[in-house]
Amino acid sequence: MDTNQITPMGTNPETEKVAAIVENAGEDLLMFRCPGCKCGHAVPIRRANGNTDGLWSWNGSLTKPTLQPSIIVTYTPEPPKDRPARCHSWVTDGHIKFLGDSHHNLRDSSVPLPSMEN
Ligand SMILES: [Zn+2]
């Protein structure tokens with residue numbers, strides 16, 4: 001059995017937080033920085049009252065978060081000048097994969113989530 005643990009240079013995936021929990025009106029939201037929209041997205045993951053309707057499932061990690069189901073952010077009727085009209089993504093194991101129906105240039109690609117620590 002190979003017990004070598006090799007971390008690629010320039011990465012520190014176990015300690016770098018790429019998501020944060022913010023509390024809003026009795027809900028805990030998991031927030032992350034979206035490199036496609038260049039702004040934060042947040043989805044509800046739990047509520048003080050125990051109601052689970054419409055919550056995302058979360059794997060409990062702030063360094064390698066996984067969220068299900070996918071996340072669709074839309075701005076209607078007119079998106080702000082610096083935002084795409086639509087962003088559709090899966091967050092899996094600390095990476096964000098943008099689907100082809102996203103309206104920014106990271107559609108159809110998967111990139112690491114940026115750090116929340118700066
Ligand atoms: Zn986005």
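Q: What makes β8 and β9 a pair in this predicted model?
A: Happily, the count settles it: 3 bridges join β8 to β9, which run antiparallel. Strands pair if DSSP finds at least two bridges between them, so β8 and β9 qualify. Strands here are DSSP runs (E, at least two residues), numbered from the N terminus. In this pairing, I96 stands opposite V111 in β9.

Q: How do you know that β7 pairs with β8?
A: The same test applies: β7 (residues 86-92) and β8 (residues 95-98) are joined by 4 bridges and run antiparallel. T92 stands opposite H95 in β8. The two strands form a hairpin with 2 residues between them, and D93 in the turn has a positive phi of about 55°.

Q: Why are β6 and β9 left without a neighbour on one side?
A: The open sheet has 4 strands in the order β6-β7-β8-β9. β6 (71-74) and β9 (110-112) stand at its edges with a single partner strand each, so one side of each lacks a neighbour in the sheet.

Q: Which side chains along β8 are buried, and what does that term require?
A: I96 and F98 are buried and point to one face, while H95 and K97 point to the other and are not buried. Buried calls for 20 or more other C-beta atoms within 10 Å of a residue's own, with C-beta atoms placed from the backbone.

Q: What does I96 touch?
A: Leaving out residues up to four places away in sequence, I96 touches C34, S89, V91, S110, V111 and L113. Contact means C-beta atoms, placed from the backbone, within 7 Å.

A note on the basis: residues are numbered from 1 along each chain as its sequence is written. In this predicted model, local features need pLDDT of at least 70 and side-chain atom pairs count only at pLDDT 80 or more, while totals for chains, interfaces and linings use all residues.

Technical notes: Contact = placed C-beta atoms within 7 Å. Buried ≥ 20, exposed ≤ 12 C-beta atoms within 10 Å, placed from the backbone.
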